[in-house]
Amino acid sequence: MRIGRGLKVGAAIFVMSPVALGLLIIIFLVMSADDEGGGGDRSELTSGGLRIGEGAVPPQYASLIEKAANDCDAGLSPALLAAQLMQESGFNPRAGSPAGAQGIAQFIPDTWAAEGFDANGDGKASVWDPEDAIPSQGRMMCKLMKSAKKHPNYRGSPSELALAGYNAGWFRVVQFEGVPPKHWAKGETYNYVRIIMANVPKLTAPDDSAAESDSASGWALPVKAPLGTPYHQRGGMWSSGYHTGIDFPVPVGTTIKTAGPGTVVSAGPGGPYGNQVIIRHSDGMYSQYAHLSSLTVSAGQKIKAGQKIGLSGATGNVSGPHLHMEIRNSPAYGTDIDPLRYLRQHGVTV
Ligand SMILES: [Zn+2]
């Protein structure tokens, strides 16, 4: 089932105005904080949960990376930036390359001249200074994420497309309508994206309480029902031009369970999505459940595999009762990835 035309209007506002989206997130935070009687869930959205220490993110760069990601209003993941730095320089601020790339984020001089800025305000934009290079990397990746989101038909998630743009230039992403293929440039960009994406979970802190149950066996469909409208079905009723999740047509009042263990980031009204729950998982990905009639969890709460989160409904803009579910790179609208592919990677048979 499709979300009604109202979503186009509602969601178009988010797309056109990142400030509005930011405000919405703040509203969620404030609302959740009120529900909880404290602001305990704030860190869920802003810290990004980097895994810090040997073999992971060096502690001296963690807050720079988190700030660079959180300054972006396009759903940029801190772990993605960290994995990129690991691949670019192994977190070495003095790194160089035969191609002339410099510093921890491996900018070539021309790119640094265009994208680098004096983030720490010491009067000099230095490619060798992580306090300038990491925020510049974040700003450039943020721009690339925004470009990527304008092309939902390209092959690759927004994060993958942004990485490809950083490595090969956005014009190459446009040329190939996605991540450049394996055979291009000896697979350099293809492998760059593949390696970084594979390292993102390794640089993401585990959800402490959920870590042990977060295995392939802990994942399942949120409801036992046939699939309705598939992911990426195209249509003018969606602001992005395509369906950003999958639908399960079920009667109002059907029990909805989490797809996997994690922490509730928000639980409450979500505009066109009606009553919704957004859960952050230990790999830094998020799942969203929309149009619910009632919620049985609240923000900040740890959720076990298979735990009930609410009852299905027809709240928000819908043409009939159903569960709409998304998998996202961030809590924000527009960062969706293919949910079935993600669920299958977690051992769900569907
Ligand atoms: Zn839907």
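Reader: What makes the set of 44 residues a nonpolar core?

Author: A nonpolar core is a set of buried Ala, Val, Leu, Ile, Met, Phe, Trp, Tyr and Cys residues joined through C-beta atoms within 7 Å. Buried means that 20 or more other C-beta atoms lie within 10 Å of a residue's own; exposed means 12 or fewer, partly exposed is in between, and C-beta atoms are placed from the backbone. The largest such core here has 44 residues, and Ile65, Leu76, Leu81, Ala82, Met141 and Met145 have the most contacts inside it. This is a predicted model: local features need pLDDT of at least 70 and side-chain atom pairs 80 or more, while totals for chains, interfaces and linings use all residues. Residues are numbered from 1 along each chain as its sequence is written.

Reader: How do you know that the span of helix 10 agrees with what it should be?

Author: Helices are DSSP runs (H or I, at least four residues), numbered from the N terminus, as are strands (E, at least two). The expected span is 1.5 Å times one less than the number of residues. Helix 10 has twelve residues, so it should span 16 Å, and its end C-alpha atoms are 16 Å apart, which agrees.

Reader: Why do we say the buried residues of helix 10 line one face?

Author: Those residues are Thr189, Tyr190, Tyr192, Val193 and Ile196. Seen down the axis, they fall within an arc of 165°, so they line one face; the arc is that of the directions from the helix axis to the C-beta atoms. On the other side, Glu188 and Ala198 are exposed.
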